[in-house]
Amino acid sequence: MSEWAPKRFWKEADVKPEGEGWTVTLDGRGIKTPAKTALAVPTEALARAIAEEWQAQEEMIDPGTMPFTRMANSALDKVLPQRAAVAEMLAAYGDSDLLCYRAEAPDELVARQAERWDPLLVWADEMFGARLAPRAGVMHAAQDTAALDRLAREVQAQPPFALAAFHDLVAISGSLVLALAVIHGARSPAEAWDLSRLDESWQEEQWGVDEEAAEAAALKRAEFLHAAHFHTLSTA
C-alpha cells in the first residue's frame with residue numbers, strides 16, 4: 001500500500017464518515033490502496049474491522065495479518081473498475097456448478113450427494129426460480145438458459161465490496177448456489193464449506209487423511225469463512 005513502510009509509523013488507527021461511506025485513518029490521515037485510491041468502504045462495521053488490523057500491527061508491518069484490508073483493496077482496485085466483467089465471470093459458475101456434478105458410483109456416495117446437495121438446488125428454484133439439473137459424471141452439460149439468467153441477476157445485484165467477497169465464496173467452493181445460500185442465510189458459512197468438501201470428505205473416510213491436503217484445505221476454509229464475514233460487514 002502507498003502508506004506502508006517496513007515499520008509502523010502511526011500511533012492510532014481510527015475511522016470517520018466520508019460521503020456515503022467510511023474511511024480508515026492513521027493519526028487522522030486517510031490511507032490509500034496500492035492503486036492510489038482512497039480507502040473508503042460502505043459501512044462503519046467494515047471500516048472498524050480494517051482499522052483494528054492496522055491498530056494491531058506491531059513494530060514491523062505484516063500484510064499477512066490484514067485480510068480485511070487486502071479484500072477492501074481488491075474491491076476498489078480490481079472489482080469496481082470491471083464490476084460487470086467480474087459479475088459475468090462468477091455467474092458463469094452456474095452452468096458448471098459443483099452441486100450438479102454427481103458421482104456415478106459407489107451407491108453410498110451417490111446417495112450422500114443427493115441427500116445433501118438436492119435441497120440446495122430446490123432452494124435455488126424456490127428462491128430465484130432457477131432450478132439447476134444434476135447429472136452423473138464430469139462431462140459438461142448446459143443448464144437451462146432462463147435459470148442461469150435468473151442467477152446472473154442475483155450476482156449482478158451485488159455491490160462492489162460484496163462482490164469482492166462473493167468472488168471468493170464462489171471460486172473457493174466451486175458453487176454459485178452455495179455462495180448464494182451463504183449470503184442469503186440459507187446455510188451458514190461453515191455448513192456451506194462442508195458441503196463443498198463432500199467428495200473430499202468421502203475420500204478421507206475411505207483412505208484416511210492426507211496431512212498436506214488437510215493443511216491446504218484448512219487455509220481455504222479460513223479464506224472462505226473470512227469472505228463470508230467480509231460480505232456481512234460490507235452490507236451491515
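1. The lining of the largest pocket is a mix: four nonpolar residues, two polar and three charged. Here Ala, Val, Leu, Ile, Met, Phe, Trp, Tyr, Cys and Pro count as nonpolar, Asp, Glu, Lys and Arg as charged, and the others, Gly among them, as polar. Keep in mind that this is a predicted model, where local features need pLDDT of at least 70 and side-chain atom pairs pLDDT 80 or more, while totals for chains, interfaces and linings use all residues. Residues are numbered from 1 along each chain as its sequence is written, and side-chain values use heavy atoms, without hydrogens or water.

2. Who lines that pocket? The residues are P67, R70, M71, S74, A164, D168, A222, E223 and H226. Two or more of them come from each of helix 2 (67-79), helix 6 (160-173) and helix 10 (211-234), and helix 2 gives the most, with four. Helices are DSSP runs of H or I, at least four residues, and strands are runs of E, at least two, numbered from the N terminus.

3. Now T43, in the loop between strand 4 (40-41) and helix 1 (44-56). T43 counts as buried, at 7% relative accessibility (buried is under 20% relative accessible area, exposed over 50%, partly exposed in between, with a 1.4 Å probe and protein chains only). Beyond its neighbours within four places in sequence, T43 is in contact (heavy atoms within 4.5 Å) with W22, L233, S234, T235 and A236.

4. G28 sits in the loop between strand 2 (21-26) and strand 3 (29-30). G28 is exposed, with a relative accessible area of 52%. Its C-alpha atom and that of V122 are separated by 50 Å, the two residues being 94 apart along the chain.

Terms used:
1 Å grid on protein atoms, 1.4 Å probe; cavity = no way out; pocket = protein on both sides within 12 Å on 5 of 7 lines; lining within 4 Å.
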